[in-house]
Amino acid sequence: MDTFVFLGFDLNAWITIITVLGMFTVLLFTKWRSDVVFLSAIGVLYVTGVLDAKEAFSGFSSSSVVTVGVLFVVVAGLTHTGVLHYIVKYLLGTPDNYSKAVTRLMLPVAVLSSFLSNTTVVALFVNIVKMWSKKLGISPSKLLIPLSYASGMGGVCTLIGTPPNLIISGLYEEKTGEAMNILTTTVPGLFCLAIGILSIIAMRRLLPNRETSESAFEATSEYTVELRVPSDNPHIGQTLAEAGLYHVQGGSLIEMYHFDQSPSPVSEDEPIMGGDQLIYAGQINDLYQMAVNHQLAVAPHHIFSIKEADQKSQIRTAYVTYGSSLIGQTIASTTFEKDNNLMVAAIARLGQRINEVPRQVVLEAGDTLLLVFPHHVKINTETLKDTVHFFDSDDVPNIGIGTILSSFIMIAMVALSALGVLPLLQCAFLAAAAMLVCRCCSGEQAMKAINWEILMVFAGSAVLGIAIQKTGIAERLALGILDVCGTNPIVVMVAVCLVGTFITEFISNTAAGAMFFPIMYEAAEKLGYEPFPFLVALMISVSSSFATPIGSPTHMLVYGPGGYRFSDFMRIGLLMNLIILAANIFIVNIIYPLTPLH
């Protein structure tokens, strides 16, 4: 069994290859949680003997994984003290043209993403950019893709800005015993950011000019029908269910008013009285026919408005997240409304309201839902985050002394690490402890801020890198690249980075970083050069995913709000991938010249 060799790979190597390919296939074509998929892959590699126990579970004790976990607490302190809101409030301004608007938006987003989770930054900016774009007279779709791109390009500017940087630097330290500085990628990252901003301004015509999904909801009269119960209606005294007015053909009852008072939530046992006003959402023609059949009159004025929700109800917009359990289903076939005490009043796709019964629409990723909640209901966005993502937030932080303290703690953490006073992990632990001691966030907020799914993916990615190296896959691939590209180090660097940039459009950038680290390291060594500059270029490449909305979680955050199509990202993203790749190779070789191995 040990002598089995096929196409130059032994049995353990083939088990690893099949496991990796199977894992990525599952992630692409199923709704399985990514952490479960990565843990399953680790289990396969351990059970089959490819890795021993120490190797299989080494990712969970990796310093880079622990660093990411601790940094979640630091970010929680910054978020809950309102640092991000304060920065946003005073940075955007009122630029007088598109070029200035893009620059004013992308620079602060990139800077923030260099030290904070880019997903957190983009989630904060999405709603602000939508309002800001209306103020500037620019379509939000012209600004939301640049917003997402800026967060990705900003993340590569420091080791803590994006997980691949931490995992590659951690693997490098394990290999060489030398730690990378927290600002290793700062100059190359800033150069690529500048090129990226100029490229977006130059290619602005490739950005779509679309209506946002929420704009499809502004005229509620286009998808709701308001009916009044005449004083001589035969159904007076009956309940809504008895009269056949609760579940109706072509729509859903979303509000009911007794003398301008609305029972919340509306029950099918609610009695009908003369003068009641019933508000239905759905197919307008079907609803008007229902009104004729039940001898209801059209209300003289429209009192249901998205902009002025009744004091007993609240109206919120949210979009269906990528990987949501709602994808491929209708609201009617799920318990989504019942479980969350809400009503889906309308659905929009690609900026246009879907002219069908909302509860009968088969949902897709990025669909925007208009949700109606009873006013007393506290919307738990945390429990809904894996299903839908809300455009706005109820959490308004208090700006005060905590804002200053958390900012100082963050700056001190970066400075101590950059100057080499303490290792990054120790700096992160001190910063997290300071956030808790100074009450920038509570212990409960800190624990909620830790994204365990990301940590599991991070740990699993590190283990995959170990398996790829241990089984000789990295060496074989490195030799294959050298056979194709020759011995020119720049050509080899471009080849690996190009493949890395392409792969990261379909898998997590963390996994791409872990997978390509051993390949790039082996290729550099076999060429006789120090791997350091090759790895810096790799860091930037695996975080440069611009061509598909699934290439980054931040792309999916703007996908629904921008009313985008899948092709919108490809139109500008493919060019951006090539431009940033060229800028990356150019600047890395100037800042970190290739050095022969001693």
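**Exercise 1. In this predicted model, find which residue forms a salt bridge with D568, and work out where the two partners lie and whether each is buried or partly exposed.**

*Solution.*
Step 1: Look for the partner. D568 pairs with R571 in a salt bridge, and their closest N and O atoms are 3.3 Å apart.
Step 2: Place the pair. Both D568 and R571 belong to helix α23 (residues 566–591), where they sit 3 residues apart, about one turn of the helix.
Step 3: Recall the helix geometry. An α-helix has 3.6 residues a turn, so residues three or four places apart point the same way.
Step 4: Check the accessibility. D568 has a relative accessible area of 0%, so D568 is buried, the cut-off being under 20%. R571, at 38%, counts as partly exposed.

**Exercise 2. Now try E444 and K448: which helix holds them, and is each one buried or exposed?**

*Solution.*
Step 1: Start with the contact. The side chains of E444 and K448 form a salt bridge, with 3.4 Å from N to O.
Step 2: Find the helix. The two residues are 4 residues apart in α16 (residues 443–449), about one turn of the helix.
Step 3: Apply the cut-off for exposed, which is over 50%. E444 has 54% relative accessibility, so E444 is exposed. K448 is exposed too, at 56%.

**Exercise 3. How many salt bridges does the structure hold, and what is the N to O distance in the one between D96 and K100?**

*Solution.*
Step 1: Take the total. There are 4 salt bridges in the structure.
Step 2: Turn to D96 and K100. Their closest N and O atoms lie 3.3 Å apart.
Step 3: Add the surroundings of each partner. D96 is exposed at 62% relative accessibility, while K100 is partly exposed at 44%.

**Exercise 4. Compare the expected span of helix α14 with the distance between its end C-alpha atoms, then ask where its buried residues fall.**

*Solution.*
Step 1: Work out the span. Helix α14 covers residues 401–418, and its 18 residues, at 1.5 Å a residue, should span 26 Å.
Step 2: Compare. The end C-alpha atoms of α14 are 26 Å apart, which agrees.
Step 3: List the buried residues. These are G402, T403, S406, I409, M410, M413, V414, S417 and A418. Seen down the axis of α14, they fall within an arc of 160 degrees, so they line one face of the helix.
Step 4: Turn to the other side of α14, where I401, I404, F408 and I411 are exposed.
Step 5: Finish just after α14, where G420 has a positive phi of about 75 degrees.

Definitions and conventions: Residues numbered from 1 in each chain as written. Predicted model: local features only at pLDDT ≥ 70, side-chain atom pairs only at ≥ 80, totals over all residues. Heavy atoms only, no water. Expected span 1.5 Å × (residues − 1). Buried < 20%, exposed > 50% of the residue type's maximum accessible area, 1.4 Å probe, protein only. Arc of directions from axis to C-beta.
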